[in-house]
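Reader: I'd like a close look at one part of this structure rather than a tour of everything. Could you pick up one strand and follow its connections outward?

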Amino acid sequence: QLQLVESGGGLVQPGGSHTLSCTAPGFNLRLYVIGWFRQVPEKEREGISCSSIKDDFEYYNASVKGRFTISRDPVLNIVYLQMNNLQPEDTGIYYCAADQRPGCPVAMDHWGKGTTVTVAS
């Protein structure tokens, strides 16, 4: 059973940068579409970014485009979410998710437990 583990959450000052990591011990993440999602209280979970090696495809939510970057380290089998110029509205629980279907499905098959990012001064 694929288990995703997010790490890197924490407190960041507005305008700062932070990087989240997603790993899956024992599974090759290159075989999966990987997405990062964000959950804010009283709002629906939204897709932030998505990467598919097979389809050579990356997606960014308009709210983070130009500030966030998804990347992979195939050797370490880690997927990163580099977040720059963070703003208070970026605060939330960030989830890593994986799926083997094409594109970036919203309802991915596998989910991590999430890591919390708080942007505040």
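Which strand pairs with β4 in the antiparallel sense over seven bridges? Start there, please, and take me through the disulfides and salt bridges around it.

Author: That partner is β9, residues 92-99, and the two strands run antiparallel over seven bridges. Bear in mind throughout that this is a predicted model. Within that pairing, Phe37 has Tyr95 of β9 as its bridge partner. β4 itself covers residues 33-39 and is mostly covered, with six of its seven residues buried.

β4 also pairs with β5, residues 46-52, again in the antiparallel sense, here over five bridges. Gly35 has Cys50 of β5 as its bridge partner. Between β4 and β5 the hairpin has six residues, and among them Glu42 takes a positive phi near 70 degrees.

Cys50 is a good way into the disulfides. A search of the whole structure finds two of them. Cys50 bonds to Cys104, with the sulfur atoms 2.0 Å apart. This link joins distant parts of the chain, since Cys50 sits in β5 and Cys104 in the loop between β9 and β10 (110-111), 54 residues apart. The torsion about this S-S bond is about -100 degrees, so the disulfide is left-handed. As for cover, Cys50 has a relative accessible area of 2%, which falls under the 20% cut-off for buried. Cys104, at 26%, is partly exposed.

The other disulfide brings us back to β9. Cys22 and Cys96 are bonded, their sulfur atoms 1.9 Å apart. Here too distant parts of the chain are linked: Cys22 belongs to strand β3 (residues 18-23) and Cys96 to β9, 74 residues apart. With a torsion of about -70 degrees about the S-S bond, this disulfide is left-handed as well. Cys22 is buried, with a relative accessible area of 0%, and Cys96 is also buried at 0%. If you count the bonded cysteines along the chain, the pattern is 1-3, 2-4.

Now for the charged side chains. Side chains of opposite charge can pair when their charged atoms come close. Across the whole structure there are five salt bridges. One of them joins the side chains of Asp90 and Arg67, at 2.8 Å from N to O. Asp90 is in the loop between β8 (78-83) and β9, while Arg67 is in the loop between β6 (57-60) and β7 (68-73), so the pair ties together parts 23 residues apart in sequence. Asp90 is buried, its relative accessible area being 1%, and Arg67 counts as buried too, at 15%. Neither residue stands alone: Arg38, Glu46, Arg67 and Asp90 are linked in a network of salt bridges. Arg38 falls within the residue range of β4, and Glu46 within that of β5, so you can trace this network from the hairpin strands you started with.

Further along, look at Arg101. Its side chain meets that of Asp99 in a salt bridge, 2.7 Å from N to O. Arg101 also forms a salt bridge with Asp109, where the closest N and O atoms are 3.6 Å apart. The accessibilities in this trio are worth setting side by side: Asp99 is buried at 0%, Arg101 is partly exposed at 38%, and Asp109 is exposed, with a relative accessible area of 51%.

One more residue meets β9 by another route. Thr115 is in strand β11 (residues 115-119), and Thr115 is buried, with a relative accessible area of 11%. Leaving aside neighbours within four places in sequence, its contacts include Gly92, Ile93 and Tyr94, along with Glu6, Ser7, Gly8, Gly9 and Leu20. The Thr115 side chain also reaches the backbone nitrogen of Gly9, at 3.0 Å.

For a contrast in cover, try Gly26, in the loop between β3 and β4. Gly26 counts as exposed, at 81% relative accessibility. Its C-alpha atom is 8.9 Å from that of Gln3, and the two residues are 23 apart along the chain.

To come back to your strand: β4 pairs with β9 and with β5. From there, one disulfide takes β9 to β3 through Cys96 and Cys22, and the other takes β5 to the loop between β9 and β10 through Cys50 and Cys104.

Notes: Residues numbered from 1 in each chain as written. Predicted model: local features only at pLDDT ≥ 70, side-chain atom pairs only at ≥ 80, totals over all residues. Heavy atoms only, no water. Buried < 20%, exposed > 50% of the residue type's maximum accessible area, 1.4 Å probe, protein only. Helix = DSSP H or I, 4+ residues; strand = E, 2+ residues; numbered from the N terminus. Pairing = 2+ DSSP bridges. Disulfide = S-S within 2.5 Å. Polar contact = N/O pair within 3.5 Å; in protein donor to acceptor, adjacent residues only side chain to side chain. Contact = heavy atoms within 4.5 Å. Salt bridge = Lys/Arg side-chain N within 4 Å of Asp/Glu carboxyl O.
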